[in-house]
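Here is a short report on one protein chain. Look at the fold as a whole, then follow a handful of residues through it.

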Amino acid sequence: MIVSAGSALAQSSVWKVTSGINVVYLGGTCHVLRPQDYPLPAEFDAAYAASRELYFETDLAGMMNPATQQRILARGMFTDGTTLDRVLSPEAWQAVQAYSARAGVPLSAVSRMRPWMYTVAIASVEMQKLGITQEGVDVHFFQRAVQQGKATRGLETLDAHLDYLAGLGAGHENEMILSSLEELGELPEMFGAMLAAWKTGNVEEIEESMLADMREEFPSVYEELIVERNRKWLPVIEGMLSTEPTELVLVGAAHFAGPDGLLAALRAKGFEVEQVVAGPAAAAIGGSN
């Protein structure tokens, strides 16, 4: 059961968008979690139970296909003899060498990676050290929907999604790698802040922990990964609000925060947007569906 915020028992990154009698639930997700972060807040289960269709950032079935994983690997590796040291500045390459020595990651294992793949790889290594090994909210509900026969769709095509990934930091590769390596030491605190903001649905803290640095240090990345995609997703969500079946949209929590976020855009369009809370029966409802 989903009840009004006035009788809140808890709050989370779940919002209800209303247009007349039509409803869409928006769930802000963390793409990776720790085992102890489950069970998820009851608001997610309640929104899932109330929805007939689920929308994710992209086609998750296609994303998890081994052939797609091979495509990602192929796009993330140099195949013409180029190596990472030849495309980075001396300062950035020295930082890569220092990290490899400190973390025990052989340079031979990363030398053929393109810069964006390298940043993804080192983040994965460090997150595993912190026990951040559990698949996130998106995959959790995708798998449940598949098991229970609920329809799943993507807000963007798989090819578009892969293009965003492969274009990460394009033109700013040195700055991206230096920043990523510098922030690794702060990863426990950064992840903790992000998780706390996500669990409570605190959009101000979500903006601070997930968006502020990106917007300041890498405005082009912010524009491409957040603003541009939000603009493309907005009409899709508007279309959902013109039909009767209730949908649940599950995308990264950062897409809902700030002046460029989906919540602000939907409110500007005149839709009613409210953060939802789950009543005492929510866990039972979510668990039985």
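In the protein, 84% of the contacts with a separation of 6 or more join residues 24 or more positions apart. Contact means heavy atoms within 4.5 Å. The model is predicted, so local features need pLDDT of at least 70 and side-chain atom pairs count only at pLDDT 80 or more, while totals for chains, interfaces and linings use all residues. Residues are numbered from 1 along each chain as its sequence is written, and side-chain values use heavy atoms, with hydrogens and water left out.

**Overall build**

The protein holds 15 helices and ten strands. Both are DSSP runs numbered from the N terminus: helices are H or I with at least four residues, strands are E with at least two. The C-alpha trace spans about 60 × 35 × 30 Å along its principal axes. The radius of gyration is 20 Å, which agrees with the value near 19 Å for a compact globule of 289 residues. That radius is taken over C-alpha atoms, and the globule rule is 2.2 Å times the number of residues to the power 0.38.

**Surface and charge**

Of the 289 residues, 45% are buried. Buried means under 20% relative accessible area, exposed means over 50%, and partly exposed lies in between (1.4 Å probe, protein chains only). The accessible surface comes to about 13500 Å², and carbon and sulfur atoms hold 53% of it. Areas come from the Shrake-Rupley method with a 1.4 Å probe; for residues, only the protein chains shown count as cover. The protein has 20 positive and 37 negative charges, and their mean positions are 6 Å apart. Lys and Arg count as positive, Asp and Glu as negative; His and the chain ends are not counted. Each charge is placed at NZ of Lys, CZ of Arg, CG of Asp or CD of Glu.

**Confidence**

The mean pLDDT is 91, and 93% of the residues reach 70 or more. Over residues 3-9 the pLDDT is below 50, and this stretch has eleven contacts in the model beyond near neighbours in sequence. Residues 281-289 also stay under 50, with 14 contacts beyond four places in sequence. pLDDT is the predictor's confidence in each residue, from 0 to 100. Where it is low, the predicted coordinates should not be read in detail.

**Residues to follow**

Start with Phe56, in strand β5 (residues 53-56). Phe56 is buried because its relative accessible area is 1%. Leaving out residues up to four places away in sequence, Phe56 touches a set of residues including Asp138, Phe141, Phe142, Leu155 and Leu250. Phe56 and Leu155 are 99 residues apart along the chain, yet their C-alpha atoms are separated by 6.1 Å.

Ser100 sits in helix α5 (residues 90-103). Beyond four places in sequence, Ser100 touches Val105 and Leu107. Ser111 follows in the loop between α6 (107-110) and α7 (115-129). With the same exclusion of residues up to four places away, Ser111 touches Thr83 and Leu84.

Gly20 lies in the loop between β2 (14-19) and β3 (22-29). Its C-alpha atom is 58 Å from that of Gly104, 84 residues apart along the chain.

Two residues are partly exposed. Ala196 belongs to helix α11 (residues 187-200). Ala196 and Ser209 are 13 residues apart in sequence and 9.8 Å apart, C-alpha to C-alpha. Lys269 is in the loop between α14 (262-268) and β9 (272-275). Outside its neighbours within four places in sequence, Lys269 is in contact with Leu234 and Glu238. The C-alpha atoms of Lys269 and Glu238 lie 9.1 Å apart, with their positions 31 residues apart in sequence.

| Residue | Relative accessibility | Class |
|---|---|---|
| Ser100 | 6% | buried |
| Ser111 | 18% | buried |
| Ala196 | 43% | partly exposed |
| Lys269 | 48% | partly exposed |
| Gly20 | 67% | exposed |

**A cis peptide bond**

Which residues does a cis peptide bond join? Tyr38 and Pro39 are joined this way, with omega about 0°. Pro39 lies in the loop between β4 (32-33) and α1 (42-50). In general, most peptide bonds are trans.
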